[in-house]
Amino acid sequence: MSRTLTPEGVERLLGDPESADNPYGFAAAVARDEADAHPDELCRRLVSAGFHLNYLPREWGGGFDSFDRALTLVRAAARRDVNVMPGTMFGIIAATCLQLHGSERQRERVARILTGGGSVGFALTEAGHGSDLLAGEVRLDGDGRLHGEKWMVGNGMRCEAVYVVARTGERGPGAFSAFLLDADADGLVREPAPRTGGMRGVDTARLRFTGVRVPEDALVGKAGEGLEVAILAQQAVRLMSLAGSLGCADTALRLTLGFAAGRRVAGTPLLEAPHSRRELAVASAALLAADAVALAAARGIHVVPEVFSVWAPAAKHVVAEAGDELVRRCAGVLATRSVLREQAPGGGLFQKLQRDTAVVRVIDASPLANLRSYAAQIPALAGRDERPEPAVLHRIFDLGADLPPYRPERLDLVARRADPVLPGLVAVAGAVRAELTDPRAAALVGRLADAVAALGAEAAAARRRGADPNALTDAAERHAWLHAAAACVHLWWANRQRSLYGGEPGASGWLRAVLSFLLDRAAGTDPRRHGPDLLPALDTADALRKGHRLMTALPVPLAPESARPCDPMEAS
């Protein structure tokens, strides 16, 4: 198996997704969606080329290098069908947990399963409690037997082992421990979970524990640390889920741009009609912003993992909400064809993308639960006045800079230092404005710097607003959008000598567009009100579509038209 599969290799491996007879293409994905079928053939194809190894550490026999590389790799597959992510990568959270506190024997066992293309389930949530994890009822009794039910367990019907977080005490986070069990243990009943509206055919299960005997050596780590480790591991899961949002968004925008370019209304291409052009400009700005934010997060977890308890929910919120807005704007342009199952662009593909985007938005945490995890840390963040070292920001945002190895043991439940993105923006804003040749982009950077400087006072006001139970959650949402805008400025500044999004080095049209979009979202206003500022994003996205490249900062060539899938050995 190859451990060096690249995004370009994924494209060669799977061929042109627009070819109707390609079993790894869009038509096949729509057919599976209609039949509620799991993407077995697509997953087997990817596993045969070692795709699944790219989230596993090398000491486990995997091929993981960095999250930014893995993000783009997964996105290349997810743009065809986001179901490949749960089909090949649901083991990532159990693997992260075992990295953090598993014994050598447990790690070896999980590594053997995952490198062989198998899966390990992760059983945390319960139907009656959702994101209220402290209310979990699955319990280990005094006789060492497990009772209760977990739900929405990824790959739960076909996994070979399962990592279970169960109650071993009475109250608080320390009342939960983790266990690694055989999926065929006596007393463990597996049943399909309720079907989802999107990502149809994905394997999720209910696991009922009816007095399952738990061996002593099944305990993972120490008693009482199961919930803490599970929450830490979810930071990495939130990061990788961004690839699913980006994959859906790339295909939805590409499909809509192609339709709008070929459709004429009163003799004018729909792409040139003022209203459609403005809607597609918003959608394009949303995708470029989401891409930049995801890329920054994928690098940031290597450099400052100790602040990822705030960075992960910020990135998840912005990417998921931007993807949701993109799909809505595209649906407006497609109009009737956005709801037709036949005689529509992609033959029902857009409808699948709509449903899939809605599921990816909540797959690892609901938007509210995600923001609440961020809001809980707003008071502490607001009280810090730390300026990051320029070298730290350079290492995160310079796309040519080497990243340090990923150290999951440095993840923390609470940020012990300031998130470098926001205070770092205040430090570089003046220099950035002086170098920008676009006065409008420079003005937006100034507006962003003022907004970031005011965050501390806004957070203090939110804490005092006791009568408004949503004040801190609203503050967290504003923080998230401003964090995203600051990340985009850092990305431009650190790479101004490099071509980004297919433009000339130093080109700032994309930056003007994403800042306009993100600042309007932070202010709670409709981005369309600044339509002219968004148009460079549309030009950028359409140029990438025409050039047949992935819509990302460092564009990836896509499979040529009518290209047949290649042999896995040729994809490396």
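What follows is a walk through the fold, the cores, the strand pairing and the charged pairs of this chain. The model is a predicted one, in which local features need pLDDT of at least 70, side-chain atom pairs count only at pLDDT 80 or more, and totals for chains, interfaces and linings use all residues. Residues are numbered from 1 along each chain as its sequence is written, and side-chain values use heavy atoms, with hydrogens and water left out.

To start with the overall picture, the chain has 20 helices and ten strands (DSSP runs numbered from the N terminus, with helices being H or I of at least four residues and strands E of at least two). The chain is as compact as a globular protein of its length, because its radius of gyration is 23 Å, close to the 25 Å that the globule rule gives for 572 residues. That radius is taken over C-alpha atoms, and the rule is 2.2 Å times the number of residues to the power 0.38. Along its principal axes, the C-alpha trace spans about 75 × 60 × 45 Å.

Now for the inside. Of the 572 residues, 60% count as buried (under 20% relative accessible area, against over 50% for exposed and in between for partly exposed, with a 1.4 Å probe and protein chains only). The largest nonpolar core has 179 residues, and those with the most contacts inside it include Tyr-163, Trp-311 and Phe-517. A core here is a set of buried Ala, Val, Leu, Ile, Met, Phe, Trp, Tyr and Cys residues joined through side-chain atoms within 4.5 Å. Helix H8 (residues 226–262) gives this core its largest share, 20 residues. Another core lies apart from it, with 17 residues, among them Val-138, Leu-207, Val-212 and Ala-218. Helix H8 also holds Gly-244, which counts as buried because its relative accessible area is 0%.

Strand S7 (residues 204–213) pairs with strand S3 (residues 145–154), running antiparallel over eight bridges; two strands pair if DSSP finds at least two bridges between them. His-147 has Thr-210 of S7 as its bridge partner. S7 also pairs with strand S6 (residues 188–192), again in the antiparallel sense, through five bridges, and here Glu-191 is matched with Arg-206 of S7.

As for charges, there are 44 salt bridges, each a side-chain nitrogen of Lys or Arg within 4 Å of a carboxyl oxygen of Asp or Glu. One of them joins Asp-81 and Lys-352 (3.1 Å, N to O). Asp-81 sits in the loop between helices H4 (67–78) and H5 (84–89) and Lys-352 in helix H11 (residues 349–360), so the pair ties together parts that are 271 residues apart in sequence. Both of these residues are buried. Lys-150 and Glu-126 also meet in a salt bridge (3.1 Å, N to O), and they link strand S3 to the loop between strands S1 (120–123) and S2 (139–140), 24 residues apart. Lys-150 and Glu-126 are buried too.

A further salt bridge brings Glu-435 and Arg-496 together (2.8 Å, N to O). Glu-435 counts as partly exposed because its relative accessibility is 37%, and Arg-496 is partly exposed at 23%. Elsewhere, Glu-279, Glu-325, Arg-329, Arg-521, Asp-526 and Arg-528 are linked in a network of salt bridges.
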